[in-house]
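Visitor: I've just opened this one and I'm not sure how to read it. Could you walk me through it?

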Amino acid sequence: MDRQYSPLMVIASIVLAFNSILAIYNAWGDAGSVAFVLVADAVLLLLFLCLGQFERAGGGREGKGRIKGAVWALTTLLTAMFASRVAPLMPPVVEAAVWLMAAATIAGGFWAFFLN
């Protein structure tokens with residue numbers, strides 16, 4: 001199976017790898033931060049692969065529906081991960097706003113993928 005990756009995806013993967021190496025280097029003593037970077041990278045790479053699979057999928061709605069579900073789950077995970085890292089750094093009112101925006105983003109993604 002010959003796979004063609006778009007140049008933009010290759011460039012994005014290289015930038016992600018370089019940025020991740022720097023983030024891991026800067027957070028080397030903090031196991032939680034290193035784990036966060038590694039999990040976020042894995043989720044982003046899975047998201048790239050799902051989007052590539054979605055582009056290559058034929059007209060079958062069932063296959064595309066499964067890929068949409070995977071894309072929504074991965075973006076939901078990323079949204080929750082980043083909100084969980086940002087929210088505790090904010091004052092209580094802004095922390096609530098961060099979680100509210102994360103919930104609105106997740107709900108909006110569900111609406112756009114499955115209900116619209």
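Guide: Let's start with a term we'll need: buried means under 20% relative accessible area, exposed means over 50%, and partly exposed is in between, using a 1.4 Å probe and protein chains only. Take Trp 72: with a relative accessible area of 22%, Trp 72 is partly exposed. Before going on, note that this is a predicted model, where local features need pLDDT of at least 70 and side-chain atom pairs count only at pLDDT 80 or more, while totals for chains, interfaces and linings use all residues. Residues are numbered from 1 along each chain as its sequence is written, and side-chain values use heavy atoms, with hydrogens and water left out.

Visitor: How many helices and strands does the protein have?

Guide: Helices (H or I, at least four residues) and strands (E, at least two) are DSSP runs, numbered from the N terminus. Here you get 4 helices and 0 strands, in the order α-α-α-α from the N terminus on. The C-alpha trace spans about 50 × 35 × 20 Å along its principal axes, and 22% of the 116 residues count as buried.

Visitor: Which residues does the "transmembrane region" annotation cover?

Guide: UniProt positions are given in the numbering used here, with feature names shortened, and annotations may be inferred rather than shown by experiment. In this case the unreviewed UniProt entry puts "transmembrane region" on residues 7-28, 34-51, 71-90 and 96-115. Over residues 34-51 the model is 100% helix, with end C-alpha atoms 26 Å apart. Residues 96-115 are also 100% helix, and there the end C-alpha atoms are 27 Å apart.

Visitor: How do I read one helix, say α1?

Guide: Check its length, then its sides. The expected span of a helix is 1.5 Å times one less than its number of residues. Helix α1 (residues 7-26) has 20 residues and reaches 29 Å from first C-alpha to last, close to the expected 28 Å. Now the sides: an α-helix has 3.6 residues a turn, so residues three or four places apart point the same way. In α1, the buried residues are Met 9, Leu 16, Ser 20 and Ile 24. Seen down the axis, they fall within an arc of 60°, so they line one face of the helix; that arc is taken from the directions from the helix axis to the C-beta atoms. On the other side, exposed residues include Pro 7, Phe 18 and Tyr 25.

Visitor: What covers the buried residues of α1?

Guide: The cover includes α2 (31-56).

Visitor: And how many aromatic pairs are there?

Guide: Rings of Phe, Tyr and Trp (its six-membered ring) pair if their centres lie within 6.5 Å; planes under 30 degrees apart count as stacked, over 60 as edge-to-face and the rest as tilted. That rule gives 5 aromatic pairs. The rings of Trp 72 and Phe 110 have centres 5.4 Å apart and planes at 65°, so this pair is edge-to-face. It links distant parts of the chain, 38 residues apart: Trp 72 is in helix α3 (residues 61-86) and Phe 110 in helix α4 (residues 92-115). The rings of Phe 110 and Phe 114 have centres 5.1 Å apart and planes at 50°, so that pair is tilted. Both residues lie in α4, 4 residues apart, about one turn of the helix.

Visitor: Which residues do ring pairs link into a cluster?

Guide: Trp 72, Phe 110, Phe 113 and Phe 114. Phe 110 counts as partly exposed at 36% relative accessibility, and Phe 114 counts as partly exposed at 34%.

Terms used
Contact = heavy atoms within 4.5 Å.
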